[in-house]
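Hi everyone, thanks for making the time. I'd like to walk you through one model today, so please have the viewer open and follow along.

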Amino acid sequence: MNMLTKFLAIALSASALTFAFAASAQEAPDALVKRISDDVINTAKSDKEIQAGNINRIVALVEEKILPYVDSERMTSLAAGRYWRQATPEQQKQLITEFRSLLIYTYSGALSQIRDQKIEYKPLRADPADTEVEVRSQVIQSRGEPIQLSYRLEKLSSGWKMYDVNVMGAWLVEAYKGTFNSEITKGGIDGLIKSLSDKNKQLAARSGKK
């Protein structure tokens, strides 16, 4: 697993888990991210199942604690770009499901790699009335330079939700947009759905999760 994937996993896990605390919706988004992500990192470090790489344990954690607080529809629609409006409601539903599964399989295993990392947060540049903000931070590790991380959050009636993550200058949604565009060009919306589904089956088989 390469370094980018490793720290993207940390970013997704640490930031997305913060939204499980809907009661804290009035808390500043940067304070919310810091408070809860610190707890998530500590949990990952101390959980023997996660440290051992138990993929079923990790996937279950992601599905239970992260996905309900990520705006999967917005994330998928941004990755699909202009093609999103061309998809039928059923195709949109399938795309959301497959893209969400891809993110789970691709990054959940990296949680077992969390060891001595710490996260430092930069001052939030936002007004109290803003409904979309970017929380900037960096991962401090015992070796190597800090890894720059940014999270895009939106405030909905249910509270703050994440819809994009930036690792070392690369936004997650933008990174997938090229792949989505290529698959749609070759085989249309159904071609993209099939491509994502096939990839998820490969990742599921590799992880041993049926």
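I'll start with confidence, then go through the sheet, one helix, the cores and a group of rings.

First, the caveat: this is a predicted model. The protein chain has an average pLDDT of 81, and 79% of the residues score at least 70. If you colour by element, H5 comes out with the highest mean pLDDT, 96, while helix H1, residues 3-16, has the lowest, 53. Please also look at residues 16-25, where the pLDDT is below 50. That stretch still makes 28 contacts in the model beyond near neighbours in sequence. Where pLDDT is low, the predicted coordinates should not be read in detail. I'll leave that part there.

Now, the sheet. In what order do the five strands of the open sheet run? The order is S1-S2-S3-S4-S5, and the pairing is antiparallel. At the edges sit strand S1, residues 118-121, and strand S5, residues 170-171, each of which pairs on one side only.

Let's step across from S1. Four bridges hold S1 to strand S2, residues 132-140, in the antiparallel sense. If you want a landmark there, take Ile119, whose bridge partner in S2 is Val139. What packs on this sheet? Helix H5, residues 72-80, does, and it touches S2, strand S3 (147-156) and strand S4 (159-167). The direction of H5 makes about 35 degrees with that of S4.

Moving on, S2 and S3 run antiparallel and are joined by eight bridges. Within that pairing, Glu134 stands opposite Arg152 in S3. The two strands form a hairpin with six residues between them, and in the turn Gly144 has a positive phi of about 90 degrees. S3 and S4 also make a hairpin, this time through two residues. Their antiparallel pairing has eight bridges, and Ser150 has Asn166 in S4 as its bridge partner.

Back to H5, then. How does the chain come into this helix, and how does it leave? On the way in there is Pro68, in the loop between helix H4 (55-65) and H5. Pro68 counts as partly exposed because its relative accessibility is 39%, which falls between the 20% and 50% limits. Setting aside neighbours within four places in sequence, Pro68 is in contact with Glu63 and Lys161. The Lys161 contact is a nice one to show on screen: Pro68 and Lys161 are 93 residues apart in sequence, yet their C-alpha atoms are 9.1 Å apart.

In the helix itself we meet Ser72. Is Ser72 buried or exposed? Its relative accessibility is 12%, so Ser72 counts as buried, the limit being under 20%. Beyond neighbours within four places in sequence, Ser72 is in contact with Ile96 and Arg100. Ser72 has company, too: Met75, Thr76, Ser77, Ala79 and Ala80 are the other buried residues of H5. After H5 comes Gly81, with a positive phi near 65 degrees.

On to the interior. Which residues touch the most other members of the largest nonpolar core? They are Phe99, Tyr151, Tyr176 and Phe180, in a core of 39 residues. At least two residues of this core come from each of helix H2 (29-46), H5, helix H6 (89-107), S1, S2, S3, S4 and helix H7 (172-207). H7 gives the largest share, ten residues. There is also a second, separate core of seven residues, with Ile55, Val59, Leu61 and Ile104 among them.

Last, the rings. The structure holds three aromatic pairs. One of them is Phe99 with Phe180, an edge-to-face pair at 5.1 Å centre to centre, with 70 degrees between the planes. Why is this pair worth a look in terms of sequence? Phe99 lies in helix H6 and Phe180 in helix H7, so the pair ties together parts that are 81 residues apart in sequence. Both Phe99 and Phe180 are buried. Ring pairs also bring in Tyr176, linking Phe99, Tyr176 and Phe180 into a cluster. You'll remember those three names from the largest core, where they are among the residues touching the most other members.

That's my tour. Thanks for listening, and I'm happy to go back to any view.

Note on methods
Residues are numbered from 1 along each chain as its sequence is written. This is a predicted model: local features need pLDDT of at least 70, side-chain atom pairs count only at pLDDT 80 or more; totals for chains, interfaces and linings use all residues. Side-chain values use heavy atoms; hydrogens and water are left out. Two strands pair if DSSP finds at least two bridges between them. Contact means heavy atoms within 4.5 Å. Axes are lines fitted to C-alpha atoms, for helices over the stretch in contact, and angles run from 0 to 180 degrees between N-to-C directions. A nonpolar core is a set of buried Ala, Val, Leu, Ile, Met, Phe, Trp, Tyr and Cys residues joined through side-chain atoms within 4.5 Å. Buried means under 20% relative accessible area, exposed over 50%, partly exposed in between (1.4 Å probe, protein chains only). pLDDT is the predictor's confidence in each residue, from 0 to 100. Rings of Phe, Tyr and Trp (its six-membered ring) pair if their centres lie within 6.5 Å; planes under 30 degrees apart count as stacked, over 60 as edge-to-face and the rest as tilted.
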